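Grab a coffee and work through these short exercises with the structure open beside you. Try each task before reading its solution.

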Amino acid sequence: MFPPSERWHPEVRWDSPAGKMLDRVVAVLPVERAWKLIVFGSAPLQLGLDETFVSADVDITMEYPDEDVTVERCLNEAQMLKGQQDFYVEVVPRYVFNAPHDWQTRAYREQRRHVEFTFPHPVDILVAKVCRVAEKDLNAFRLVRRLTGHPTPEELIRLLRNAVDIYRPRFDEEFGGDPVANTKVVWREIFGAEIDVRAEIIRPALEERRKYFNQGEGLKDKLRAIGGG
Amino acid sequence: MLRDPCWVKSRIGARILLRAEAGKLTARDIRLARRFGNDRGVEDRLLDQALASIGAEKRRRGLLPPLPKIYVPAV
């Protein structure tokens, strides 16, 4: 069920805690215009796979980055943000969702009145969790694997290759976990196996990019040599 | 049709590469190779595209054998 080769098509449980919360978001956003929100973190798993998979918050980000201030202001007025309610909405910058570059092709979209919600495919939600891999993130892996049978190790390798930039060294000022070590933890805990992240994910992904970006490598040198340097 | 100067120079560069391969270089080719070899608008990628484009034109005119229809992904 729900392989990453297909677009996700869940039956969204709007009566789950996250579903009710998103309907409240719809109610507080001005109706004069259309809104496009992306829901990520654990909420899509609760909405589409198991409504008992609860979380402290619902993470949302905007399809159009400049909208986050407006949305946050509306949610603040409705007292729906962190510190205002025990179960709350967090408006997160778009870059926090570190998913494979092709995640949109698998995502599920559903319109609720004047708001279009995008729910990334569960496998993309899992990939985004590799940057952290807390116990709760591993539970998300276990849940998705148990209910859908995906991702298989081969599928996860493919997905992580499409998110290879998560493995780049961090800037000194940057926070964040160690995705290479985290990937090894996922393999051990979820697949009961070891993985060489560089050999299986990073090198093949960069090789694919090199194929495109280095097309014709050396031709200009040849031309220069014909001209005598 | 307006042609991008980088593309035009790369097409000429590609023809020079082909003439060099065939051992038919002229003094003008060598002069232009020196010029385009040091022109920042001429790049590996454009030369590669120009070679593919010239090859396709030659195939269309029957000057080169057609490529096989079996798809083989580039390595």
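**Exercise 1.** Among the elements of chain A, which has the lowest mean pLDDT and which the highest?

*Solution.* Keep in mind that this is a predicted model, so start with the confidence, which runs from 0 to 100. Across chain A the mean pLDDT is 93, and 100% of its residues reach 70 or more. Now go element by element: the lowest mean, 92, belongs to helix 8 (residues 197-213) of chain A, while strand 4 (residues 108-112) of chain A has the highest, 98.

**Exercise 2.** Describe the fold of chain B, starting from its secondary structure.

*Solution.* Count the elements to begin with: chain B has 3 helices and 0 strands. Reading along the sequence then gives α-α-α. For the dimensions, the C-alpha atoms of chain B fill a box of roughly 40 × 30 × 25 Å along the principal axes. Next, burial: 19% of the 75 residues in chain B are buried. Last, take the contacts in chain B with a separation of 6 or more; 68% of them join residues 24 or more positions apart.

**Exercise 3.** How many residues of chain B are in contact with chain A, and where do they come from?

*Solution.* Step one is the count: 18 residues of chain B contact 13 residues of chain A. Step two is the source: helix 1 (5-21), helix 2 (27-37) and helix 3 (44-60) of chain B each supply at least two residues of the side that touches chain A. Helix 2 of chain B gives the largest share, 5 residues. Step three is the chemistry: this side of chain B divides into 10 nonpolar, 3 polar and 5 charged residues.

Technical notes:
Residues numbered from 1 in each chain as written. Chains lettered and ligands numbered in written order. Predicted model: local features only at pLDDT ≥ 70, side-chain atom pairs only at ≥ 80, totals over all residues. Contact = placed C-beta atoms within 7 Å. Helix = DSSP H or I, 4+ residues; strand = E, 2+ residues; numbered from the N terminus. Nonpolar A, V, L, I, M, F, W, Y, C, P; charged D, E, K, R; others polar. Buried ≥ 20, exposed ≤ 12 C-beta atoms within 10 Å, placed from the backbone. pLDDT = per-residue confidence, 0-100.
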